[in-house]
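The following exercises are to be worked with the sequence and the coordinates at hand. Each task is followed by a solution that proceeds step by step.

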Amino acid sequence: MHNAEQLTEHWQSALTSVSERLVALPQWRHCGRLVRATGMVLEAVGLQLPVGSACVIEVQHQSDALIEAEVVGFAGDKTFLMPLEAVQGLTPGARVLPISEAGDDSRRFPLGPALLGRVLDGCGRTLDQQPLPREVEYGKLAGKAINPMHRAPIDTPIDVGIRAINGLLTVGRGQRMGLFAGSGVGKSVLLGMMARFTKADVIVVGLIGERGREVQEFIDQILGEEGMQRAVVVAAPADSSPLQRLQGAAYATRLAEDFRDRGQHVLLIMDSLTRFAMAQREIALAIGEPPATKGYPPSVFARLPALVERAGNGAVGGGSITAFYTVLTEGDDQQDPIADATRAILDGHVVLSRGLAESGHYPAIDIEASISRVMPSVISQQQVQQAQKLKKLFSVYQRNRDLISVGAYSPGHDPVLDQAVQKFPQVEHYLQQQMHEQASFSAAQTALTDVIGGLQ
């Protein structure tokens, strides 16, 4: 009898608690309805939501099926929505329910150290068939902008394990570098070497718009078990919606920001920035934005710096994000509009040459076309001068390669060319490196001194 009374009191207390929560809820819910679906864009009426708000669309005859979408624009009383996943089963007049009317801030994405070793999609859902740990934290997708006057200066070199980059294109902690390459010239291999060898506390990898099979390959063959222990991978492959590709790039950056705010040094690898731009182009053209440069609407060139500027150093004494963004150059055209725009907003670029790759020269870094803008600030003046001398020798030899090949070169007429011919085998050996070979920063400096030492 006593137990029955206790059970009754327990249920009465639970019902009272539920009743109080139900009373606090609004008795009505604002919603809209679909009036048009054309391609990737859905049009709804009856909604007054800011751009960036999240919604769900009911699927008829499927009580539990909801399609998540985001407000990407409006015209008059019509609201333009972009679904995050494939649209199937939608009907005219389907109800559109806002998740919250507070815009992007209404959604929370998983963050924090509990995600290390995990693979997520652009929405923060796991792709490795394992649930998120209970201790995972959640936060907004939009990070807080850092006052440029409060950012710590880039004054410390970072070891990326690549001899040519450490010695000739030295990267500073907190720098943002572009990796410009066409298809099939060793871009993924170079990224993998950086992921394994770079001295960083955490690695955040954003695989945006690339082939789906590359996700598992990157994890197994490039990062490996040891690398994954300090890494978080965000994958939004080519078959995902353009909105999810955009969101995936923003989410990878947000993860890196969270680790930086915890005082850690982060390596952010995003492959690729071009696919991010293409996703924005798809969305902008679908909602009627006019194309500008080679089919890219103006919003694309506004989105790029907004994403890239989130990386870099935090406050003095805090963490940092050293970022490498790959940029695909169509037909090896370095004047591609995306390549040209990103070259202007990044702190340097590494260009991979198809000619070098075809000749078996790996990594196929074109040191003549590549530059690190912070290099003079993070290394000694002696190393800067040695790097300039090596670049000069390489450049002089390349310009005279045809004459040397046909036997038209005779020593004694040009002292610089004589030095270039004499030192070229050593220079070429310095620039080449095997996939599993690691070249530390100090080793790269020593080897550079050995090649250039004694030259005037």
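**Exercise 1.** State in which helix A14 lies, determine whether A14 is buried, partly exposed or exposed, and give the distance in space between A14 and V72.

*Solution.* A14 belongs to helix α1, which covers residues 2–24, where helices are DSSP runs of H or I with at least four residues and strands are DSSP runs of E with at least two, numbered from the N terminus. Its relative accessible area is 30%, and A14 is therefore partly exposed, given that buried means under 20% relative accessible area, exposed over 50%, and partly exposed in between (1.4 Å probe, protein chains only). From A14 to V72 there are 58 residues in sequence, and the C-alpha to C-alpha distance is 42 Å.

Before continuing, note that this is a predicted model, in which local features need pLDDT of at least 70 and side-chain atom pairs count only at pLDDT 80 or more, whereas totals for chains, interfaces and linings use all residues. Residues are numbered from 1 along each chain as its sequence is written, and side-chain values use heavy atoms, with hydrogens and water left out.

**Exercise 2.** Characterise the chain as a whole: how many helices and strands does it have, and what share of its residues counts as buried?

*Solution.* The chain has 14 helices and 17 strands. Of its 456 residues, 49% count as buried, and the C-alpha trace spans about 105 × 60 × 40 Å along its principal axes. Taking contacts (heavy atoms within 4.5 Å) between residues at least 6 apart in sequence, 72% join residues at least 24 apart.

**Exercise 3.** Explain why helix α3 is described as largely enclosed, and name elements that cover it.

*Solution.* Helix α3 runs over residues 187–197, and because eight of its eleven residues are buried, the helix is largely enclosed by the rest of the structure. The buried residues are K187, L190, L191, G192, M193, M194, A195 and F197. Their cover includes the helices α2 (163–168) and α4 (213–228), together with the strands β10 (176–181), β11 (202–208), β13 (265–271) and β15 (320–328).

**Exercise 4.** Describe the surroundings of S370, beginning with its place in the chain and ending with the residues that it touches.

*Solution.* S370 sits in the loop between α9 (354–358) and β17 (371–372). Its relative accessibility is 4%, so S370 counts as buried. A polar atom of the S370 side chain lies 2.9 Å from the backbone nitrogen of V351, and a polar atom of that side chain lies 2.7 Å from the backbone oxygen of D366. Leaving out residues up to four places away in sequence, S370 touches L169, H349, V350, V351, I365 and K391.

**Exercise 5.** Classify the packing of α13 with α14 by its angle, and list the residues that meet.

*Solution.* Helix α13 (residues 415–431) and helix α14 (residues 441–452) pack at about 170 degrees with their axes 10 Å apart, the axes being lines fitted to C-alpha atoms over the stretch in contact, and angles running from 0 to 180 degrees between N-to-C directions. The angle therefore makes α13 roughly antiparallel to α14, since angles under 35 degrees count as roughly parallel, over 145 as roughly antiparallel, 65 to 115 as roughly perpendicular and the rest as oblique. K423, Q426, V427 and Y430 of α13 meet A444, A447, L448, D450 and V451 of α14.

How values were computed
Polar contact = N/O pair within 3.5 Å; in protein donor to acceptor, adjacent residues only side chain to side chain.
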